[in-house]
Amino acid sequence: MPKQLQPQNPSYRLFPPSTPLKERIFNRTIPDSKTGCWLWTACLDSKGYGHLGHNGHDLAAHRVAYEEFVGPIPQNLCVLHKCDTPRCCNPAHLFLGTQDDNMKDAARKCRKGNKLCASQVVEILSDTRVHQVIANDYGVSGVLISAIKRRVIWKGVHG
Ligand SMILES: [Zn+2]
């Protein structure tokens, strides 16, 4: 990545509508020297993704960063994070994947240490597919899915 592509400290000034999106990204992110992430400092949504308003649209900051620095996002593809940091806008940390990849990626990251998250257990409880199919989706065993469904484990979580 060229040297000049570095975020500046956010100044929180209001931008005129004509401000290029690149400049807005530089002004709304701070670099994390440990990870190299460009951390979005403005609005975040409930999942931790950065958001910005542009021409009356609410845009996801990491998607804008991808389009501005890498290229257009093909239809139906998601912009995923290599760094597991939803608010990161560093184009070098972003890559394209399908919605399916996105879910598998999230499931894989969520499962660090071979665990499922409560939110996944809720999804599994309402998933009516064959246990083994669900198990494949989450990369766990059918026995585990069956145990969740029978309320043997994760008893505290309700679907
Ligand atoms: Zn990052």
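This report covers the nonpolar cores and helix packing of a predicted model.

The largest nonpolar core has 13 residues, and the members that touch the most others are I25, A61, A65 and C89. Two or more residues of this core come from each of α1 (21–28), β2 (38–40) and α2 (61–69). Helix α2 gives the largest share, 4 residues. Apart from neighbours within four places in sequence, A61 is in contact with I25, W40, Y49, G50, H51, L52 and C89. A second core of 7 residues is separate from this one, and L116, V121, I124 and I134 are among its members.

Helices α1 and α2 also pack against each other: their axes come within 10 Å and cross at roughly 130 degrees. An angle over 145 degrees would count as roughly antiparallel and one of 65 to 115 as roughly perpendicular; α1 and α2 are therefore oblique to each other. Their crossing is left-handed. The residues that make the contact are listed by helix below.

| Helix | Residues in the α1–α2 contact |
|---|---|
| α1 | L21, K22, I25 |
| α2 | A61, V64, A65, E68 |

I25 of α1 and A61 and A65 of α2 take part in this contact, and these three residues are also among those that touch the most other members of the largest core.

Helix α4 spans residues 118–126, and its buried residues are Q120, V121 and I124. Seen down the helix axis, these buried residues fall within an arc of 100 degrees, so they line one face of α4. S119 and S126 are exposed on the other side of α4. V121 and I124, buried in this helix, are both members of the second core.

Technical notes. Residues numbered from 1 in each chain as written. Predicted model: local features only at pLDDT ≥ 70, side-chain atom pairs only at ≥ 80, totals over all residues. Core = buried A, V, L, I, M, F, W, Y, C linked by C-beta atoms within 7 Å. Buried ≥ 20, exposed ≤ 12 C-beta atoms within 10 Å, placed from the backbone. Contact = placed C-beta atoms within 7 Å. Arc of directions from axis to C-beta. Axes fitted to C-alpha atoms, helices over the stretch in contact; angles between N-to-C directions. Parallel < 35°, antiparallel > 145°, perpendicular 65-115°, else oblique. Left-handed = near helix turned anticlockwise from the far one by under 90°.
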